[in-house]
Amino acid sequence: MAGIGVRLNRIFSKNTITTNLIGFGYSMVITIAPMFLVIGAVIVMQKLLGYSKLDYASRELCSCTVLYIFIFALTTAAPFNAVLSRYLSDVIYNETYDDILPCYFVGLMLNILLSSLIGIPFCIREYLLGVELFFVFISYCGYVSLVLVFYSMLYLSICKDYKKISTFFLIGMVVAILFSLVLVKLFRVDVIYSMVVSLAVGFMVIGCLELALVKSYFRHNSGKYRDVLEYFKRHWQLTITNTLYTVGMYVHNFVFWSTDMRMEVKGGFICMPTYDMATCLAMFTNITASMIFISRVEMHFHERYKAYSEAVIGGRGSDIEDAKKMMFGQLSEELMNLARLQFIVSVVIFFICIILLPKIGFGGQIMRIYPCLAAGYFILFIMYAAIIFQYYFNDMTGAMMTSLTFFGVTFVGSIYASRLSPLWFGLGVVAGSFAGWTVAYHRLRKMEKTLDVHIFCNGSILKRGKGKKPSNLVYVKGGISSGHEAGSLQKSRKKRQQQAAK
């Protein structure tokens, strides 16, 4: 992601209020703009199509459909994104660009296969529980289209095409809004059907644009599909880490969906609107952490990391030690700055939400659940920043331990919190995020102390292989013996010792 740092350094170097605002806006565009475009499109469609006039059951069916599409599209993409990102980074480093298309097609096949295995049984169950077949079909099309969108975004992110990603989302959401108006105003299609169909069409437009751009960048195919599959075997820890982290972000919702407070919607959908809305608000309160982290890491830490890598390749011992101290000093500074800046932003947004949201209908139990969840997501995003730093140092075991701790503590803590008052419903997220952050912090400190061992002693002098272990006798009086002779001498010596003992 070094390309972002170059642009941000150029913007912020002028150090004026205008350039700071421009840099802030650019950071937002490259990080969280697609999500806000989708939310904005849904809100616009609701206003234009008269969504509020529909009965409560229809509105909840639509809301749950969109919610499930997003959650499960993100979850089914999680096992592949981290490993494929690692493979792409190695391909770009080795400049073997013909290997990118095999990676794209293998990953797409695996992602669609997993998504289908999860989605098809649910759609069959939805139909059997009374949802019309056409609505089930268009919901499934929207789900698969969003899977394609999230998957292709990985490759464009590697290519530093963040502005084009945002542009594609803008085009897709404009198409969705216009298409929904045509369906409702001209063809008199039901509002719920129109919204779901239009979102599916919009996602498909985005996915096709992303696919076309990827194929325009990489025109040649090396056909090395097996190499991609071997990466999943070699870097299995990345798969577990990213999957547990992504599922951990929603496992607390799943826990509350299983309680007596849940609401069952037609078609087998289960949700808890008050808790889900509070979760959404808490995530938006702290979503700027991603923007702050990317901006600062690209502007500052990446240069320190690059300087240390260059020192390892051709520097003196003192140069390596100085570069290491400066790198870890910068790492600590970035984590502290992220916590400080995000705390200020989160507090401001928190008070705005507390004051304004009750006036527009978001009050009661939602605002009682929201504060604890906001604190939990604040720690969660800082924990994920620490996981990214673990990726920098190739500490896959530490990253896996962090995500496993986060997932496990969040799951158990949410079960316990569901028995408390609404004020403490988010306690599981707080406990899980803090536990994961603690593990990540100690792993980073351990890496700082043992980085030389990790860098210089990670190889092997002898080639590893499978087979019978050779004899440990390598020297006899009179010279060095071969392995076969050494084994024979060792056996004869044991035989003489046994005879002497008798």
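The following paragraphs go through the nonpolar core, the salt bridges and a surface patch of this predicted model.

The core comes first. The largest nonpolar core comprises 129 residues. Within this core, Leu 84, Tyr 155, Phe 389 and Phe 393 have the most contacts. Helix H14 is the element that gives the most to the core, contributing 19 residues. In soluble globular proteins, nonpolar side chains tend to be buried together.

Phe 393 can be followed further. With neighbours within four places in sequence left aside, Phe 393 is in contact with Phe 301, Tyr 305, Met 327, Phe 328 and Leu 331. The list of its contacts continues with Leu 444, Met 447, Leu 451 and His 454. Of these partners, Met 327, Phe 328 and Leu 331 fall in the range of helix H13, residues 317-356.

The salt bridges are the next topic. The structure holds five of them, and three are described here, beginning with the pair Asp 395 and Arg 443. Their side chains meet with an N to O distance of 2.7 Å. This pair links distant parts of the chain, 48 residues apart. Asp 395 sits in the loop between helix H14 (365-392) and helix H15 (396-417), whereas Arg 443 belongs to helix H16 (residues 427-449). Both residues of the pair, Asp 395 and Arg 443, are buried.

Another salt bridge joins Arg 86 and Asp 90, at 3.7 Å from N to O. These two residues are four apart in helix H4 (residues 56-94), so about one helical turn separates them. Arg 86 is partly exposed, with a relative accessible area of 24%, and Asp 90 is also partly exposed, at 23%.

Helix H16 also holds a salt bridge between Glu 448 and Arg 445. The closest N and O atoms of this pair are 3.6 Å apart. Because Glu 448 and Arg 445 are three residues apart in helix H16, they are separated by about one helical turn. Glu 448 counts as partly exposed at 32% relative accessibility, and Arg 445 is partly exposed at 38%.

The last feature lies on the surface. A nonpolar patch there is formed by Phe 343, Ile 344, Val 348, Phe 351, Ile 352, Ile 354, Ile 355 and Leu 356. Together these residues have about 760 Å² of accessible area. One of them, Ile 355, is found in helix H13, which covers residues 317-356.

Terms used:
Residues are numbered from 1 along each chain as its sequence is written. This is a predicted model: local features need pLDDT of at least 70, side-chain atom pairs count only at pLDDT 80 or more; totals for chains, interfaces and linings use all residues. Side-chain values use heavy atoms; hydrogens and water are left out. Patches are made of residues with over 30% relative accessible area and no salt bridge: like charges are joined within 9 Å, nonpolar side chains (Val, Leu, Ile, Met, Phe, Trp, Tyr) within 5 Å. Accessible areas come from the Shrake-Rupley method with a 1.4 Å probe; for residues, only the protein chains shown count as cover. A salt bridge is a side-chain nitrogen of Lys or Arg within 4 Å of a carboxyl oxygen of Asp or Glu. Buried means under 20% relative accessible area, exposed over 50%, partly exposed in between (1.4 Å probe, protein chains only). A nonpolar core is a set of buried Ala, Val, Leu, Ile, Met, Phe, Trp, Tyr and Cys residues joined through side-chain atoms within 4.5 Å. Contact means heavy atoms within 4.5 Å.
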